[in-house]
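Here is a short report on a protein model with its ligands. Look over the sequence and the structure, then read on.

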Amino acid sequence: MILPILKFPDKRLQTKAAKVEAVDDNIQKMIKNMFETMYASDGIGLAATQVDQHLQIVVMDVPDSGEDYQFILKNRNTENSKPLTKKHPLCFINPTITKKEGKETHSEGCLSVPGYYAEIERFNHIVVEALDENGKTFTLEAHNLLAVCIQHELDHLKGILFIDYLSKFKQKRLLDKIKKSK
Ligand code: QAP
Ligand code: CO
């Protein structure tokens with residue numbers, strides 16, 4: 001089931017998500033719907049907050065970056081029919097970042113702010129601890145776009161949008177543009 005995505009400046013995007021108490025059937029159904037919604041909108045990450053469910057759940061599927069792309073090209077003969085990106089569906093429940101290193105700026109977008117992109121400073125290397133879709137604890141070391149995406153999605157669970165990091169001037173310009181287009 002594809003769920004409607006809240007769009008900025010909807011105030012519900014500022015809600016702080018509650019911890020998931022138990023990864024039960026209902027939670028697993030919600031995760032399935034979130035993946036469906038993310039893929040249907042060509043997204044690489046989606047937080048439960050964005051579909052008006054204020055629980056600490058994030059789904060993600062970040063296409064491979066530079067090195068993996070080279071790996072696929074090297075194996076061209078055997079992997080000819082495969083697309084240049086591999087599917088890496090990841091689900092984070094009750095996530096916490098335990099290590100962050102190396103600041104860099106990346107271009108970010110958001111399904112809740114369609115058509116708008118901005119350069120945001122984030123950590124380039126992180127370690128995140130979370131539960132997976134079966135309620136099992138895992139620890140993941142992430143770099144580059146995947147690390148950026150995790151930070152972006154965890155912000156959603158705290159009610160923070162990437163545009164909150166922009167100057168008041170840029171925020172007002174964006175708001176004016178959205179109001180005009182309505
Ligand atoms: C967060 O965002 C992210 O404007 C995930 O018209 C994005 O999936 C983190 C999207 C980039 C780091 C870098 C945005 C789709 C998807 C749009 C998304 C749009 C259609 C955004
Ligand atoms: Co977003």
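## The metal site

In what follows, a donor is an N, O or S atom within 2.8 Å of the metal, with a cut-off of 3.2 Å for Na, K and Ca. Water is not among the atoms, so a site may look incomplete. The model is predicted.

Which residues coordinate the cobalt ion (ligand 2)? They are Cys110 through SG, His152 through NE2 and His156 through NE2. The distances run from 2.1 to 2.2 Å. Along the chain, these donors follow the spacing C-x41-H-x3-H. Cys110 sits in the loop between β3 and β4 (118-131), while His152 belongs to helix α3, so the pair ties together parts that are 42 residues apart in sequence. Are Cys110 and His152 buried or exposed? Both Cys110 and His152 are buried.

## The pocket of ligand 1

Ligand 1 is surrounded by 18 residues. The closest are Gly43, Ile44, Gly109, Gly115 and Tyr117. Three of the polar approaches can be described atom by atom. A polar backbone atom of Ile44 is 2.8 Å from an oxygen atom of ligand 1. For Gly115, a polar backbone atom is 2.7 Å from an oxygen atom of the ligand. Tyr117 uses its side chain: a polar atom there lies 3.0 Å from an oxygen atom of ligand 1.

How much of ligand 1 does the protein cover? On its own, ligand 1 has 500 Å² of accessible area, and the protein covers 83% of that. Two or more shell residues come from each of β3 (89-108) and α3 (144-157). Helix α3 gives the largest share, five residues. Helix α3 also holds His152, one of the residues of the cobalt pair described above. By class, the shell has nine nonpolar, seven polar and two charged residues.

## Overall fold

The protein has four helices and five strands. From the N terminus on, the order is α-β-β-α-β-β-β-α-α. Of its 182 residues, 41% are buried.

Among contacts with a separation of 6 or more, 68% are between residues 24 or more positions apart. The protein exposes about 10,800 Å². Carbon and sulfur atoms supply 52% of that area.

## Two buried residues

Take Thr49 first. Thr49 is in the loop between β1 (45-47) and β2 (57-61). Why does Thr49 count as buried? Its relative accessibility is 0%, and the cut-off for buried is under 20%. Beyond its neighbours within four places in sequence, Thr49 contacts Leu6, Arg12, Leu13, Thr15, Ala17, His54, His156 and Leu157. One of these, His156, is also a cobalt ligand through NE2.

Now Ala118. Ala118 is in strand β4. At 11% relative accessibility, Ala118 also counts as buried. Which residues does Ala118 touch, not counting those up to four places away in sequence? They are His106, Ser107, Glu108, Phe162 and Leu166. Phe162 is 44 residues from Ala118 in sequence. In space, the two are 8.3 Å apart, C-alpha to C-alpha.

## In brief

Cys110, His152 and His156 coordinate the cobalt ion. Helix α3 supplies five residues to the shell around ligand 1. Thr49, with 0% relative accessibility, is in contact with His156.

Definitions and conventions. Residues numbered from 1 in each chain as written. Chains lettered and ligands numbered in written order. Predicted model: local features only at pLDDT ≥ 70, side-chain atom pairs only at ≥ 80, totals over all residues. Heavy atoms only, no water. Near = heavy atom within 4 Å. Polar contact = N/O pair within 3.5 Å; in protein donor to acceptor, adjacent residues only side chain to side chain. Areas by Shrake-Rupley, 256 points an atom, 1.4 Å probe, with all protein chains shown as cover. Nonpolar A, V, L, I, M, F, W, Y, C, P; charged D, E, K, R; others polar. Buried < 20%, exposed > 50% of the residue type's maximum accessible area, 1.4 Å probe, protein only. Contact = heavy atoms within 4.5 Å.
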